[in-house]
Amino acid sequence: MTDHRNDKTPATEAPEPATPGLREQPTLILGAGPAGLTAGYLLAKQGLPVIIFEAEDQVGGIAKTEVRDGPGGKYRFDLGGHRFFTKVKEVDDLWHEIMREEFLLRPRMSRIYWNRKFLDYPLRGPDVIKKLGPVELTRCMLSYGWAKVKPKGREDTFEQWVTNRFGKRLFDNFFRSYTEKLWGVPVSEIRSDWAAQRIKGLSFFSAAKAAFFGNKDDEIKSLISEFHYPRYGPGQMWETMTDDIEKLGGKVLMSTPVKQIKVEDGRVKTIVTSDGQEWESNYVISSLPLRNVAGMVEPAPSPEVRSAARGIRYRDFLTVSLVLDGEDLFPDNWIYIHEPDVDVGRIQNFRSWSPWMVPDPNKACIGMEYFCFAGDELWEMADDDLVEKGMRELEMLGLAKRDALEFGFATRVPKAYPMYDMDYAERIGTMKDWLNGIDNLQQVGRNGLHRYNNSDHSMLTAMRAVDNLVKGTEHDIWAVNAESVYHETEQQDDQQPYIEAPETQAQNEPLHR
Ligand SMILES: Cc1cc2nc3c(=O)[nH]c(=O)nc-3n(C[C@H](O)[C@H](O)[C@H](O)COP(=O)(O)OP(=O)(O)OC[C@H]3O[C@@H](n4cnc5c(N)ncnc54)[C@H](O)[C@@H]3O)c2cc1C
C-alpha cells in the first residue's frame, strides 16, 4: 500500500495543555484499538508525547482486518463487517482526515437467506409474497389470523409475545433461528418486554411496514443505503493512524500487554508491561475491558469491586474466513442466515465491501460469523474443524461446494459484545465509583466503558477524554453518546434480552491473566 498523504507534523503553536505535566512525560495509552489510537493521534497531533501499549501484534482491536497470502496476492477479512457511518461530525472528519481518498463510499446490500431463498432487506411486499410462495403464504396468513382471534394467554417470553401478534408460522420462519443464534439461548428464555421494545424499533416487522408504507422519516436507521469503508478494510484506518502517530513522534508498542497498574495515593504511579518494565506516567487513558482493569490494579480493589467485575458478562464471536474458487456466492455485503439447521448467523462477502480486499477476480472471499460464549463447544473447536464446519454449512445452504475451498482459518473475538444483563448497570456503577477514585486514569472505548456501541462512539469517548486533558473541559466520559442507533438486529439498547442471563465459563476465569 502506498501512502499518498502529506508528511505529518505536530501543531507548533498548540496552547499549553490544561493538565500539568503532559509535555514532560508521555501520556500512556492502553490498547491500540479505535479508541486508544484516537486518543494517541489527537495528543500527538498537538505535539504531546504518547506511548500506546498493544497486547497483540496488530492494531485495530475488534475492528482489525486479518490479512492472508493466497492465490494472486493478499486477501483481507474484516471481523464482522465494519460500516463507517456516524452522526458525529468530529468523528466523520477524523475518518476522512486519516483515510482521505482511500475512504470509499460503498453501496449497501444485505438480504435475509431463508428456506434457501434470498429475501430483499428492506423487505418489499411483492418480493415477500413471491418468495414465500402460495402454500407458505397461506399458512402464514392462517396462522396470523388465528393469532388475532385466539385468546392471548401468557406473554412472559419473546416467543409468546411475537407468536401472539404475528402467528407461530411467521415466528418460526423469521424470528426463532436468528434470535437463538444471536443470544445463545432458546427463544423461550428471552424476555417478552425485550421483544416489545425491539419489534417496535428495528425489526423484521418494522422493515415489513416500511416495505408497504415507506420509510419516510428514515426511522429504520439500520437500512442506510451507503457507508464509508477503507479501500483495504477497517484495518487500513488503524494502521494509517498508527503510522501518523509515529510520524508525529508518538510510540506504539506492539505485542506489549499491560500486566499491572500500580496506584499510590489515588493516582496511577506506574504501568507494568509483560516484559517487567515499569512506565511512569502523569496520565493514563485505558481502553482495556473493565473486568481486566479490576484485576490489574495494585493494590487490589475491594471485594465489592472485584465481585462486580467478575459479574460483567460478554457475548463472544468467531468468524470462519474462507477463500473459495469461483464467483462470489451472492452480490450482497452480507446476508442473515434464518436457517435453523446451520449455526452460522451471518455471511460476509468481502468483495462487495471493497473489491480491493480480494486480489483474484476468480475467487470468492467470505466470512462466516458464529455467535458464541468463550469456552463453549463452538469456541473450543479446533480451527481446522471450524473451517470444515463452515464448508459443510455452505454446502447445506446450497451456496458452495466443498471442493471449492482454497484455504480458510478461524478468528476468535473474545468480549465482542458487552452484555447488558439485569445487574450490569449496578456493577458498572460500582466500577465507575471505584475508578473515580483514581485521579489520573480515564477509561474509554467499548469494553473500557462496557458500552455496546460502534467505533464512532469508542472514538468519541477518546476525543472527549483528550479534550478534558488538553482543554480542561469536564466531559463525563461515561455519559458520552454518539447516538449511533443504526446497528443491525443485534442492536444495543440499555435493555437486555435474557429472562435470566446464562452463566458463562468466562465469568469463572481470573479477572486478568
Ligand atoms: C461483529 C462486530 C461488528 C461490528 N460492526 C461495526 C460497524 O459496522 N461499524 C462500527 O463502527 N463498529 C462496529 N463494531 C464495533 C467496533 O468494532 C468497536 O466499537 C471498536 O472496535 C471498539 O474499539 P475500542 O478501541 O474501544 O476497543 P477494541 O477494539 O476492543 O480495542 C482494545 C484494544 O486493547 C488491546 N488490549 C486488550 N488488553 C490489553 C492489555 N492487557 N494490554 C495492552 N493492550 C490490550 C486489544 O488487543 C485491543 O487492540 C462491530 C463489532 C463487532 C464485534
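## A tour from Pro299 to the ligand shell

Begin by selecting Pro299, which sits in the loop between strand E14 (297-298) and helix H11 (303-311), where helices (H or I, at least four residues) and strands (E, at least two) are DSSP runs numbered from the N terminus. The peptide bond leading from Glu298 into Pro299 is cis, with omega near -5°. Residue numbers count from 1 along each chain as its sequence is written. What you have open is a predicted model, in which local features need pLDDT of at least 70 and side-chain atom pairs count only at pLDDT 80 or more, while totals for chains, interfaces and linings use all residues.

Next, select strand E6 (110-114) and E7, with Arg116 in the loop between them. These two strands pair in the antiparallel sense over five bridges, pairing being called when DSSP finds at least two bridges between two strands. Trp114 has Lys117 in E7 as its bridge partner. The hairpin of E6 and E7 has two residues between the strands, and in it Asn115 takes a positive phi near 55°; Arg116, although not a glycine, also has a positive phi, of about 65°.

Now widen the selection to the open sheet that holds this hairpin, whose seven strands follow the order E7-E6-E16-E17-E18-E15-E19 with mixed pairing. Its edge strands, each pairing on one side only, are E7 (117-121) and E19 (405-418). From one strand to the next the twist averages 25°, with axes taken as lines fitted to C-alpha atoms, for helices over the stretch in contact, and angles running from 0 to 180 degrees between N-to-C directions. At the E19 end, strand E15 (residues 314-325) pairs with E19 in the antiparallel sense over ten bridges, and Ser321 stands opposite Phe409 in E19. Helix H14 (residues 383-396) lies across E15, strand E18 (363-372) and E19, and runs at about 105° to E19.

Move on to the open sheet of five strands, ordered E9-E2-E1-E13-E20 with parallel pairing. Strand E9 (251-253) and strand E20 (441-443) each have a single partner strand, so one side of each is left without a neighbour in the sheet. The twist in this sheet averages 15° from one strand to the next. If you select strand E13 (residues 284-286) together with E20, you will find that they run parallel and are joined by three bridges, with Gln443 in E20 as the bridge partner of Ser286.

For a helix pair, select helix H2 (residues 89-99) and H17, which pack at an angle of about 100° with their axes 10 Å apart. They are therefore roughly perpendicular to each other, a term for angles of 65 to 115 degrees. Glu90, Val91 and Leu94 in H2 meet Asp456, Met459, Leu460 and Met463 in H17, contact requiring C-beta atoms, placed from the backbone, to lie within 7 Å.

Finally, turn to the ligand, which 33 residues surround, the closest being Gly31, Gly33, Gly61, Gly80 and Gly445; a residue is near the molecule if its C-beta atom, placed from the backbone, lies within 6 Å of it. Two or more residues of this shell come from each of helix H1 (34-45), E19, helix H16 (446-449) and helix H17 (455-470). Domain 1 (27-62 + 231-310 + 420-508) and domain 2 (63-87 + 100-111 + 313-418) both give residues to the shell, so the ligand lies between them, with domain bounds coming from an automatic or database domain assignment.

Key
Two residues are in contact if their C-beta atoms, placed from the backbone, lie within 7 Å. Angles under 35 degrees count as roughly parallel, over 145 as roughly antiparallel, 65 to 115 as roughly perpendicular and the rest as oblique.
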